[in-house]
Amino acid sequence: MLSINYNSASRNAVNQVGNAQTGIAKAMNALSTGNRINSAADDVAGSAMASRMQVQSNSLDTAVTNANMGVNLIQTMDGAMKETEELLQRMTKLTEMSKNDAYSTQDRDMMDQEFGALSNELDRNAQSANYNGISLINNAGNTAGSSLFDKDISKGITFTAGDATAKPPVPANNTLTFKVTTAPMIAAVPAVKGGAAAVPAKVGTPVDTDITVDFGTNALSANDIVGAINKALKAAGANANATINSEGHLKIDSNDRVDGVKFGASKITNIGGTAAAATGLGAGTATDGKTGFGDIVINVGSSGNAYDNIFLKTVDLSSEGLGLKGASLTNSTDLDKTLSTLKAALDTVTEQRSHLGASQKRLTFASDNLQNVKNNTDASLSSIEDTDYAATTMQLAKEKVLNSASQAMLGQSNQMQSEVTQLLK
């Protein structure tokens, strides 16, 4: 119908011009920002995914930084421990020299002066070693229960079942029994307003794990003995392990250290069995765990679970922490005890450096993995929100052509109403 009050063709052309200009603006916005999604309206689901993945990418970036800082901290810590190890080795040599009667009293006095100076250096090194203001090697160390046996078994033991008819009778020495005991902490309960009073945290019921090791009737090396004990511990689900120290003595340590948060008690008790006699592994002296340690925690994630944390064991490498405070070379009767303490101190440093080396490897692998995950996450994020320039420039060209065509048609449609005057002539 030809009329002058409404021109549908012109209105349609106006709409098409508006659509084309909206398309041009959207394409130019995407090309200028580099983002396909510039508002939630551009892609509702994609916008939500991109937001979550951006948070994940940022968290991964922080985790990589944390892991690398952890490596730096470990390297600083290990450097300080290397210095401590060298001090202890020199102190050990001085102690061994002092046991030689070829040295005069004056010579021993000179050695003792150096020994005392090195002991002071242990304290200075322990106090001064820090990373970003964090003290590294003068914190309370292993506070778990342990048991140290008093016989050198470095050459191995031949275990027997015993023979009462032999002349003289052969006592059995092929079994070892002990308990690994831990007690969980019961968390504190806050007070209820107008109700029950606060209940402080307390130590819960101890949990005992009975361990029995049967060595059979075999000639076993020290490593075989340790392996048999650790196999029994693993089978029983006990969080403990056996080792041989530098003096060839068997040592069993719990790995559940007393922290007053998770564990309130840690013990290795009830040491018995025929292998614990003087003819076998020797008598075991138990030391109960005590409170006081605090791990250094390196966080390498943001999922909020324990797997995000890598724990670095703390240690006290001062003269007091190593049991060397007040040690002297002037009393010849104490030299054997001092030498034994020095060897135990070297064991502590060696064990701690091994732990740090393993932790550094772990952090390095964690950093590499985090970087790989971040790269893949960023690639996925890019595929969701980044502009595809080839497709968008093609779309822009299309919208420009449509805009030009729509404007041309708008001009043509506006001329249609002028045809009414031809009918009125």
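Hi everyone, let me begin with one term: a residue is called buried when its relative accessible area is under 20%. Keep that in mind while we look around this structure, which is a predicted model.

Our starting point is Ser119, which sits in helix H3. Is Ser119 buried or exposed? Its relative accessible area is 10%, so Ser119 is buried. And what does Ser119 touch, once we set aside its neighbours within four places in sequence? The answer is Met91, Ser319 and Leu324.

Hold on to Met91, because that name comes back in the largest nonpolar core, where Met91 is among the residues with the most contacts. That core has 41 residues, and the others with the most contacts inside it are Met77, Met81, Leu88, Ile137 and Leu363. Where do the core residues come from? At least two each are supplied by H2, helix H3 (105-128), strand E13 (296-299), strand E14 (309-312) and H5. Helix H2 gives the largest share, 14 residues.

Let's zoom in on one of those residues, Met81. Leaving out the neighbours within four places in sequence, Met81 is in contact with Ile137, Val315, Leu317, Val349, Gln352, Arg353 and Leu356. There is also a second, separate core, with 25 residues, including Ile225, Ala240, Ile252 and Ala275.

Now for the two helices, H2 and H5. Helix H2 covers residues 44-98 and helix H5 covers residues 335-385. Their axes are 7 Å apart, and the helices pack at an angle of about 165°. That angle makes H2 roughly antiparallel to H5. As for handedness, the crossing of H2 with H5 is left-handed. What kinds of residues make up the contact of H2 with H5? They divide into 25 nonpolar, 21 polar and nine charged.

Before I finish, here are two asparagines to find on your screens. Asn132 has a positive phi of about 55°, although this residue is not a glycine. You will find Asn132 in the loop between strand E1 (130-131) and strand E2 (134-135). Is Asn132 buried or exposed? Its relative accessibility is 68%, so Asn132 counts as exposed.

The other one is Asn270. Here too phi is positive, at about 50°, and Asn270 is not a glycine. As for its place, Asn270 is in strand E11, residues 263-272.

That's my tour, so thanks for listening!

Conventions
Residues numbered from 1 in each chain as written. Predicted model: local features only at pLDDT ≥ 70, side-chain atom pairs only at ≥ 80, totals over all residues. Heavy atoms only, no water. Axes fitted to C-alpha atoms, helices over the stretch in contact; angles between N-to-C directions. Helix = DSSP H or I, 4+ residues; strand = E, 2+ residues; numbered from the N terminus. Parallel < 35°, antiparallel > 145°, perpendicular 65-115°, else oblique. Left-handed = near helix turned anticlockwise from the far one by under 90°. Nonpolar A, V, L, I, M, F, W, Y, C, P; charged D, E, K, R; others polar. Core = buried A, V, L, I, M, F, W, Y, C linked by side-chain atoms within 4.5 Å. Buried < 20%, exposed > 50% of the residue type's maximum accessible area, 1.4 Å probe, protein only. Contact = heavy atoms within 4.5 Å.
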